[in-house]
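This report describes selected local features of one protein model. Please consult the sequence and the structure shown below while reading.

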Amino acid sequence: MGRFRFLFDNLISDEDMITVSSLTDGMVSLPIKGSTSSSGPYGRASMDTTGDYSGQVDREYVVEIDSVSSGYEIGQATFKWSDNGGSTWNQQGITTTASYYTLNHNVQIKWTGATGHDFELGDRWTFIAFNNFSAGRMIDCDRDTRYRSASSALGSELVTNGTFDSNINGWNNSGSNPYETLEWQSGKLHAVNTSGMGVGGSDDNISVVSGNLYKISFDINVSSGESPLIVMKSSLGGTQRFNMGTCGTGSHTFYWTPTITENVAFQFQDSLASDFTLDNVSVKKVPTTINIDLGSAQEVKSLILYDHNLTSSAVITLKGDAGADWNDPDFKETMSWNTDKILHYLGAGTTKRHWRIEIDDHDNPDGYVEIGELYLGTFLEPSKNVAMGYGRSLDFLHSASQTSFGVNKKRFYNLRRSWKFQYHLLESEDLDDLINMIEAITDRSTGQMRPVYFNQDPDAASEFYLAEINNLPQSVPFNDLTSVEISLREVMRSV
């Protein structure tokens, strides 16, 4: 068994460091009316709010009447609005309206008039737009909150006639380097070239958006000769956008992040004699990517996805890069799936500023991707392992009551794990590391004490938990050597 590890220093310290490609809609609260004047007077109009909030972080909106010079009624007075509590103003001088006006992120407002002046200068409304499943929920160490995507399903098919059911309409030769034969054959595209270069492919009608992730898949059967080179180009025979390399007989899948919003073509080509068929060409948007900007290059050794709903067929990829080039990143590893929680140790510590998690789980029966906690960082591994014979417990969490007749009634809620173990005769460096960990997870000014992730055996990455450290008693049997006892208790969730 390997040495125990503690993962406590999450490099993702703020939700503004996270950008997700897909997020379930949030909500907009009712407005509270006030005024910049403490004593009024106030206009009689009421404001309504609505909208499926699409923002990635919770926002405080302020709407304020900034002019009544053209009149005091709806359609005469103007307003300004802010989405950061009034620290700055997004727009000013907008005419009030009885129809819904969109601010941003699908947030809409309108007014209903009443007897008397609808508005007075300085009338102000405040409301909150929030999302109970926003990306920030992944770093709050609260197992009752979680991030949820809008959908786990792949986007609509972007390739026209990629299955070649009855013809090869929309697929052509390149004018300068045509295949000698480019034809429909038994539900497939058949290409033959006996010498020289052949270039063919789709019309340039595959519409992609910069920054999105796309899944490209196709089947090839090479009867003879050279296997074709497969690329995405700005047009057939145009500028190369993504090179998938030489692809032989079999089913192929690639993931691509365009850097330009445009229409592109799927192109196949070879430089020698070739005879092959192509079928089931597909390009679809992958809905879930999680981009992380650490602000500066920092070393990463581990990644955790905790309380997730991913299925065993999910493809999970971790990428790291100095400049957010996700087609050719400096670092790329595929993560192994595990039910409920995943701990992935990088092959080697990697120092990058930009990180990305790509998740393709399009057959998820829930219809969305959900992650409770996300950790990206390093770990603490003392130089020696814990003493043999450490303790662990499985506690039954329940309530009990007794009727007037002496009958005991129990309500079971959950099972909670706890551990107690010792490090015997630690060197000063290991003791300092443990104390530094305690100092890092505690904050006297806020009264907060964060839990840590605890992995009993690095060779069994599924054996890890989010736990609270209860205490750290120490004894010093010899000079410069300290024995330490650590007690941990699992952090629970309600559902």
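## Loops and backbone

Ser186 lies in the loop between S14 and S15; helices (H or I, at least four residues) and strands (E, at least two) are DSSP runs, numbered from the N terminus. The model is predicted, and local features need pLDDT of at least 70, side-chain atom pairs count only at pLDDT 80 or more, while totals for chains, interfaces and linings use all residues. Residues are numbered from 1 along each chain as its sequence is written, and side-chain values use heavy atoms, with hydrogens and water left out.

Although Ser186 is not a glycine, its phi is positive, at about 55°. Ser186 counts as exposed because its relative accessibility is 63%; the classes are buried (under 20% relative accessible area), exposed (over 50%) and partly exposed (in between), with a 1.4 Å probe and protein chains only. A positive phi of about 65° is also found at Ala324, again not a glycine. Ala324 is placed in the loop between strand S25 (315–321) and strand S26 (331–335), and counts as partly exposed at 32% relative accessibility. As background, most residues other than glycine have a negative phi.

Ser174 belongs to the loop between strand S13 (171–173) and strand S14 (181–185). With 8% relative accessibility, Ser174 counts as buried. From C-alpha to C-alpha, Ser174 and Ser202 are 9.8 Å apart in space, and they are 28 residues apart in sequence.

## Strand pairing

Two strands are taken to pair if DSSP finds at least two bridges between them. The table lists antiparallel pairs, each with its number of bridges and one pair of opposed residues.

| Strands | Bridges | Opposed residues |
|---|---|---|
| S9 and S10 (residues 108–112) | two bridges | Tyr101 and Ile109 in S10 |
| S15 (residues 188–193) and S23 | five bridges | His190 and Thr277 in S23 |
| S18 (residues 213–225) and S23 | eleven bridges | Ser224 and Asp275 in S23 |
| S19 (residues 229–233) and S20 (residues 240–246) | five bridges | Lys233 and Gln240 in S20 |
| S34 (residues 452–455) and S35 (residues 464–471) | four bridges | Phe454 and Tyr465 in S35 |
| S35 and S37 (residues 481–490) | four bridges | Asn471 and Ser487 in S37 |

Strands S5, S10 and S9 form an open sheet in the order S5-S10-S9, with antiparallel pairing. Strand S5 (46–50) and strand S9 (101–102) stand at the edges with a single partner strand each, so one side of each has no neighbour in the sheet.

Strand S23 pairs with S15 and is also joined to S18. Ten of the 13 residues of S23 (residues 274–286) are buried, so S23 is largely enclosed by the rest of the structure.

Strands S19 and S20 form a hairpin with six residues between them. Gly237, in the turn of this hairpin, has a positive phi of about 80°.

Strand S35 has antiparallel pairings with S34 and with S37. On the S34 side, Phe454 faces Tyr465; on the S37 side, Ser487 is the bridge partner of Asn471.

## Helix H1

Helix H1 (residues 428–441) has 14 residues and reaches 20 Å from its first C-alpha to its last. This span is close to the 20 Å expected at 1.5 Å a residue, where the expected value is 1.5 Å times one less than the number of residues. The buried residues of H1 are Asp430, Leu431, Leu434, Met437 and Ile441. Seen down the axis of H1, these buried residues fall within an arc of 120°, so they line one face of the helix; the arc is that of the directions from the helix axis to the C-beta atoms. An α-helix has 3.6 residues a turn, so residues three or four places apart point the same way. Exposed residues Glu429 and Glu439 are carried on the face of H1 turned away from its buried side.

## Nonpolar surface patch

Which residues make the nonpolar surface patch of about 400 Å²? The patch is made by Leu394, Phe396, Phe412 and Leu415. Patches are made of residues with over 30% relative accessible area and no salt bridge, in which like charges are joined within 9 Å and nonpolar side chains (Val, Leu, Ile, Met, Phe, Trp, Tyr) within 5 Å. A salt bridge is a side-chain nitrogen of Lys or Arg within 4 Å of a carboxyl oxygen of Asp or Glu, and accessible areas come from the Shrake-Rupley method with a 1.4 Å probe.

Strand S30 (391–402) and strand S31 (408–426) each supply at least two residues of the patch. Leu415 is found in S31 and counts as partly exposed, at 33% relative accessibility.
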